[in-house]
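Good morning, everyone, and thank you for letting me take a few minutes of the meeting. Please have the sequence and the structure open, and follow along as I go from place to place.

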Amino acid sequence: MTFKTPTRLGLAGLAAIVFALCLCFVAFDVAFAEMAQAPAAAAPAAAPAAAAEPTVNKGDTAWMLSATVLVLLMTIPGLALFYGGLVRQKNMLSTLMWVFYAVCIVTVIWCLFGYSMAFTGGSTPFVGGLSKAFLSGVTPDSKAATFTVGANIPELVYICFQMTFAAITPALIVGSLVERMKFSAMALFLPLWVIIVYFPIAHMVWYWAGPDAIDAAAKALAAAADGAAKTAAQAKLDAVNADSGLIFQWGAIDFAGGTVVHINSGIAGMVGCLLVGKRIGFGKELMPPHSLVMNMIGGALLWVGWFGFNAGSNLEAAGGAVLAMTNSFVATAAAALAWMFVEWMAKDKPSMLGIVTGSVAGLVAVTPASGYAGPMGALVLGIIAAVICYIFCSAVKNALGYDDALDVFGVHCIGGITGAILTGVLVNPALGGTGIMDYATGKVADFDLIAQVISQLKAVGMTLVWSGVGTLVILKVIDVIIGLRPTADAEREGLDLNDHGERAYNM
């Protein structure tokens, strides 16, 4: 690993690279917009009777505004304090800075072109287009679909809600790289990662035409009078169903981000910690958390904010949100207790750090299942996830000797994989799950356990490969341009002083 000192010229180049990417995407937007508008101008006038206009409920809007703020609370101050308490005192501000910077830079990129890349139709099922770059065409009256036919929410609140997801995901990666990566490298890595990795994964998993489009196309097919009309209507329904991300087309389900957020960030953290290397002194000297009190405060804020994360993903103040909230209570508490008792048996003492980490493992695992599993299924999921994550954060990590500083891989990737796969089991109505809605027929589809689990496995595999390879390429390029690590002396002294010229505590 080469050690390079960032210069003003180098940092200016860093900024130029990031904004050049922005300009490239914006330039392409013009071409995409013209391509999208051309067919519309030549299309014949619509013949079928107009469907009822979807409505916006003030209660749903108020709930989504609240859920959005709760997810922001998860990141700052929740995740920042959770991570900050776990590092050594000399790196406290560096850790807080990384998380805060992630929120700020992703927010700007999201509004420039990230939302458009993730949540508009594109030429491929891998990533969206740029028709809504700069939030083009979005007004306070614009609507976004929910999971109920005819029920919409303001598009701007949906944009803000999804923006908080985009912000917390790269912030999670920080936990694997703390205490030995310089800020200039992190400042370039985070925006590149969300552009190259996060936006495509979000599109592949979550983008679809929505229930209103499917319902309208299905009704048009049912109303078609003759063979030619039915053929045309069927083609329209097929086109609507095809207007979705690749993983969505596979039939995989992810209610609130098991693949998009947790597996995505967890495998990126593992690749990062292996490539950047171990902290100086790792395995030879103690590196205890400097404030478990802050860690507990951050963990508690994560749990509170996670209700916005999971229950908010229902997009309506309805039964699905209540189910997701209940599951976020039950799975989290069960996982925290399971981790505590396993640790108690293994180490003779239950730790505060252990019970808080266990709660996060439960939250991670229940995220993809929160709106699909029944409460008892969520309870079992929490226990299973806590035990598996504990094994990876202790036995596996110690055996392999990698320096995943704050266990991002062991908790988020492994917990996310566990939750993603078991979501395919627990959604089964026979096990208390909700089943999967078929909007073409207007009812819950027949459940096929094997097919659903295979779809979940494909989603997990795709996320691991896309994020793992993308992260590796990005970090390699940054290492060549400006280097990833500070000098050995700077790392020993601490990143707070060397990168930011300030201390967390003046004593």
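Let me begin with Val469, which has its place in helix H15, the helix made of residues 449-481. Please keep in mind throughout that what we are looking at is a predicted model. Val469 takes part in a nonpolar surface patch of about 530 Å², and its partners in that patch are Val465, Val473, Val477, Val480 and Ile481.

Next, I would like to turn to a pair of helices, H13, residues 375-400, and H14, residues 408-426, whose axes come within 9 Å and cross at roughly 145 degrees. The crossing of H13 with H14 is right-handed. On the H13 side, the residues that make the contact include Leu381, Ile384, Ile388 and Phe392, while H14 contributes, among them, Phe409, Val411, Ile414 and Leu422. What kinds of residues make up the contact of H13 with H14? They divide into twelve nonpolar and five polar, with no charged residue at all.

Now for some details of the backbone, starting with the peptide bond from Ile76 to Pro77, which is cis, with omega near 15 degrees. If you want to find this place, Pro77 lies in helix H2, residues 58-84.

Finally, there are two residues with positive phi although neither is a glycine. Leu135, with a phi of about 55 degrees, is found in the loop between helix H3 (92-119) and strand E2 (143-145). Glu179, with a phi near 75 degrees, sits in the loop that runs between helix H4 (155-177) and helix H5 (183-206).

Methods
Residues numbered from 1 in each chain as written. Predicted model: local features only at pLDDT ≥ 70, side-chain atom pairs only at ≥ 80, totals over all residues. Heavy atoms only, no water. Patch = residues over 30% accessible without salt bridge, like charges linked within 9 Å, V, L, I, M, F, W, Y side chains within 5 Å. Areas by Shrake-Rupley, 256 points an atom, 1.4 Å probe, with all protein chains shown as cover. Salt bridge = Lys/Arg side-chain N within 4 Å of Asp/Glu carboxyl O. Helix = DSSP H or I, 4+ residues; strand = E, 2+ residues; numbered from the N terminus. Axes fitted to C-alpha atoms, helices over the stretch in contact; angles between N-to-C directions. Left-handed = near helix turned anticlockwise from the far one by under 90°. Contact = heavy atoms within 4.5 Å. Nonpolar A, V, L, I, M, F, W, Y, C, P; charged D, E, K, R; others polar.
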